[in-house]
Number of protein chains: 2
Amino acid sequence: MLGKKRRIAVMAEGSFTPLDAKTALGVIRYRPDEVVAVIDSVRAGRTSEDCVGVGGAIPVVTGIEAAAAHDADTLLLGLAPQGGMLPDSWRRVVADALMHGWDVLSGLHVFLSDDPELAALAEAKGCALLDVRRPPARRSIAARRAAYVDALVVLTVGTDCNVGKMTTAIELHRELEDRGVRSAFVATGQTGIFIADQGAAIDAVPADFVAGLVEHLVLEAARDADIVIVEGQGAIHHPAYSGVTLSLMHGACPEVLVLCHQAGRTHVKLMDAGPAPKLRSLTEILRDNERAAGWIRPAPVLALALNTMLLDELEARRAIETTQKLTGVPTVDPVRFGVEAVATELQRRLDERKRRASNE
Amino acid sequence: MLGKKRRIAVMAEGSFTPLDAKTALGVIRYRPDEVVAVIDSVRAGRTSEDCVGVGGAIPVVTGIEAAAAHDADTLLLGLAPQGGMLPDSWRRVVADALMHGWDVLSGLHVFLSDDPELAALAEAKGCALLDVRRPPARRSIAARRAAYVDALVVLTVGTDCNVGKMTTAIELHRELEDRGVRSAFVATGQTGIFIADQGAAIDAVPADFVAGLVEHLVLEAARDADIVIVEGQGAIHHPAYSGVTLSLMHGACPEVLVLCHQAGRTHVKLMDAGPAPKLRSLTEILRDNERAAGWIRPAPVLALALNTMLLDELEARRAIETTQKLTGVPTVDPVRFGVEAVATELQRRLDERKRRASNE
């Protein structure tokens with residue numbers, strides 16, 4: 001990950017659950033061979049599989065010392081607290097990891113390498129502090145250029161944060177690659193970057209340049225791919241992140257959308273107490289996303305990705321069926337039952353487009 | 001301006017026209033007593049009034065030396081190039097100004113005070129480099145809090161960039177103040193900050209925190225005001241800036257919108273060549289803005305502000321009449337004919353709300 005094969009201890013103190021440890025879960029699901037331990041003193045002694053349903057026997061341990069016993073050589077900050085600041089207790093853990101000579105990978109909004117003490121310690125120990133959320137220097141202004149690439153651009157959107165936009169994008173990308181399609185995955189958030197070893201955390205970029213950066217990422221990805229799958233962020237109905245989502249949408253200029261939702265989620269997740277807005281109906285959210293995309297380039301919702309993590313299998317099948325009936329849109333659970341139907345439809349569109357091109 | 005009464009030379013080299021010199025025009029219109037000269041070698045010898053229709057006899061001069069002859073003590077970078085970078089030729093001008101012992105006020109995305117050479121020169125000369133676009137340290141996450149303030153929150157939105165969102169907001173604020181209403185103006189861009197001596201340039205803030213910052217600005221402004229007028233940015237239909245606009249909308253949670261448009265504008269202004277998207281119809285844009293606001297808090301478009309700068313007076317009156325008929329929404333040109341009708345409607349809403357509150 002990020003330059004070399006690693007032995008990672010994932011920090012998820014007090015929060016190693018399927019809903020709270022988004023980054024940890026993503027890294028463990030897609031880079032399991034590089035994770036040797038998860039740090040969460042509350043759940044120490046259990047396995048990853050036991051806590052979050054993936055990661056098999058990867059042990060959950062109490063802290064840096066215990067992770068060192070598993071030959072960790074890297075600490076990954078596996079939680080993305082809203083606001084992205086570094087809790088004091090975590091600061092000590094980072095310092096400890098550096099004292100052990102480990103690199104530290106961080107997806108926080110606050111940059112570890114800007115902290116003079118941590119930076120000095122890292123230098124003294126010859127370790128790297130890698131802040132994957134640091135915005136790239138590139139500053140360009142979007143101008144709908146991504147609407148003209150030859151590749152078929154797909155964007156995942158969501159009814160809320162943390163519903164499965166990244167996972168759906170990666171599952172689609174992997175399924176297409178397995179079928180021999182030239183697919184590219186564009187990571188737009190810290191977890192996606194850890195998994196893909198490239199991309200940019202667009203939510204940390206000065207707002208004026210977000211769409212321009214996304215446009216650039218899509219143009220680059222489209223050079224060597226027939227299908228470009230862009231990882232979505234936030235939700236256009238989320239009071240805090242709607243702007244990030246719209247910049248992403250209008251920078252990427254997708255041809256089709258995949259709308260992600262968590263079965264059973266009824267309210268928007270907000271940071272603190274106070275009345276959380278109720279989620280609109282899926283049909284409304286679907287239509288609003290198509291409209292918002294259409295302000296720059298029309299894009300239908302091709303499929304729904306329903307995250308049924310909190311349901312048992314029978315409930316999950318029922319939820320998928322109900323959702324499909326309700327919306328009239330093909331519905332899958334990418335993690336539980338795969339994305340075959342969606343991949344097939346994307347291939348069909350790609351073939352059709354190639355046929356059209358060769359007829360011209 | 002920004003801490004003291006100044007004698008400002010406004011830099012607008014090669015671009016001192018009504019449509020290109022947005023920041024210069026705003027500062028000259030609303031802080032004319034502090035502007036002693038405009039720098040534009042192409043138009044040197046003319047007056048400000050002659051070039052942009054405001055600013056009376058303020059002279060346009062060739063450069064720093066000529067501005068010094070008018071006892072300038074401050075250079076203001078009065079152009080906001082898309083992308084916000086510092087052209088090399090401007091860099092020399094900034095250094096020249098510092099050599100004269102002037103402060104330099106900048107609204108660029110690149111920060112003058114981060115430039116080691118300029119910073120050293122400023123220090124040696126005892127001058128200030130004020131980068132008003134530098135984001136405040138505050139980083140909070142929006143949660144629809146602005147929907148619950150007692151004040152009536154008004155947001156200006158636009159069909160495109162540079163159509164009059166800031167000007168409309170300031171004209172409304174001034175008209176309300178003249179009537180004795182406790183009004184507050186929330187500046188969200190560099191020009192607004194120069195004029196209001198406070199606010200934040202939200203487009204330079206990391207995308208995740210834009211809505212949260214706007215929310216904070218509105219909560220602060222609402223403490224001592226009955227009406228809060230928020231300066232709009234960008235446009236939800238603009239491929240580069242739509243995300244900034246939506247963050248602003250959802251952070252501010254306005255109760256009503258004022259939609260700004262430039263009469264005769266048919267295409268979105270993009271940075272470079274390439275096909276500029278056609279503007280949708282005013283009716284569509286109006287409805288889309290109401291919808292987008294409504295994802296967080298319903299807000300009708302109360303009025304249209306039509307910028308008729310490029311028309312003669314008869315054409316202007318016709319354009320206003322036609323627009324009003326077409327959309328069914330009261331239409332004004334804030335600069336040419338004032339905002340009385342809109343201010344009256346806002347007062348009516350305020351009175352009604354007070355009546356309701358006293359009846360409860």
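How many Å separate the centres of domain 1 of chain A and domain 2 of chain A, taken over C-alpha atoms? The answer comes with the first of the close-ups below. This is a predicted model, in which local features need pLDDT of at least 70 and side-chain atom pairs count only at pLDDT 80 or more, while totals for chains, interfaces and linings use all residues. Residues are numbered from 1 along each chain as its sequence is written, and chains are lettered from A and ligands numbered from 1 in the order in which they are written.

**View 1. The two domains of chain A.** Welcome to chain A, which is divided into domain 1 (8–131) and domain 2 (145–359); these bounds come from an automatic or database domain assignment. The centres of domain 1 of chain A and domain 2 of chain A, taken over C-alpha atoms, are separated by 27 Å. Where they touch, domain 1 of chain A gives 14 residues and domain 2 of chain A gives twelve residues (two residues are in contact if their C-beta atoms, placed from the backbone, lie within 7 Å). On the domain 1 side, the largest share, five residues, comes from helix α1 (residues 22–30) of chain A. Helices here are DSSP runs of H or I with at least four residues, strands are runs of E with at least two, and both are numbered from the N terminus. That side of domain 1 of chain A divides into seven nonpolar, five polar and two charged residues. Ala, Val, Leu, Ile, Met, Phe, Trp, Tyr, Cys and Pro count as nonpolar, Asp, Glu, Lys and Arg as charged, and the others, Gly among them, as polar.

**View 2. Helices α4 and α5 of chain A.** Here the axes of helix α4 (residues 88–99) of chain A and helix α5 (residues 116–125) of chain A come within 9 Å and cross at roughly 15°. Axes are lines fitted to C-alpha atoms, for helices over the stretch in contact, and angles run from 0 to 180 degrees between N-to-C directions. That makes α4(A) roughly parallel to α5(A) (angles under 35 degrees count as roughly parallel, over 145 as roughly antiparallel, 65 to 115 as roughly perpendicular and the rest as oblique). Look for V94(A), A95(A), L98(A) and M99(A) of α4(A), which make the contact with L118(A), L121(A), A122(A) and K125(A) of α5(A). By class, this contact has seven nonpolar, no polar and one charged residues.

**View 3. Helices α10 and α11 of chain A.** The axes of helix α10 (residues 282–294) of chain A and helix α11 (residues 313–327) of chain A come within 9 Å and cross at roughly 60°. That makes α10(A) oblique to α11(A). From α10(A), L282(A), T283(A) and L286(A) take part in the contact, and from α11(A), T323(A), L326(A) and T327(A) do so. These residues divide into three nonpolar, three polar and no charged.

**View 4. Helices α8 and α9 of chain B.** In chain B, the axes of helix α8 (residues 210–222) and helix α9 (residues 242–252) come within 7 Å and cross at roughly 40°. The helices α8(B) and α9(B) are therefore oblique to each other. Seven names to find in α8(B) are V210(B), A211(B), G212(B), L213(B), V214(B), E215(B) and V218(B), which meet V244(B), S247(B), L248(B), H250(B), G251(B) and A252(B) in α9(B). The contact divides into eight nonpolar, four polar and one charged residues.

**View 5. Where chain A touches chain B.** This contact takes 37 residues from chain A and 37 residues from chain B. On the chain A side, α8 (210–222) and α9 (242–252) each supply at least two residues, and the largest share, six residues, comes from α9(A). The residues of that side divide into 21 nonpolar, ten polar and six charged.

**View 6. How the two copies are related.** A turn of 180° and a shift of 0.0 Å along the axis lay chain A on chain B with an RMSD of 0.0 Å, copies being superposed by least squares on the C-alpha atoms of residues with pLDDT of at least 70 in both. That is the relation of a two-fold axis. The same surface serves both copies, as 100% of the contact residues of chain A recur in chain B.
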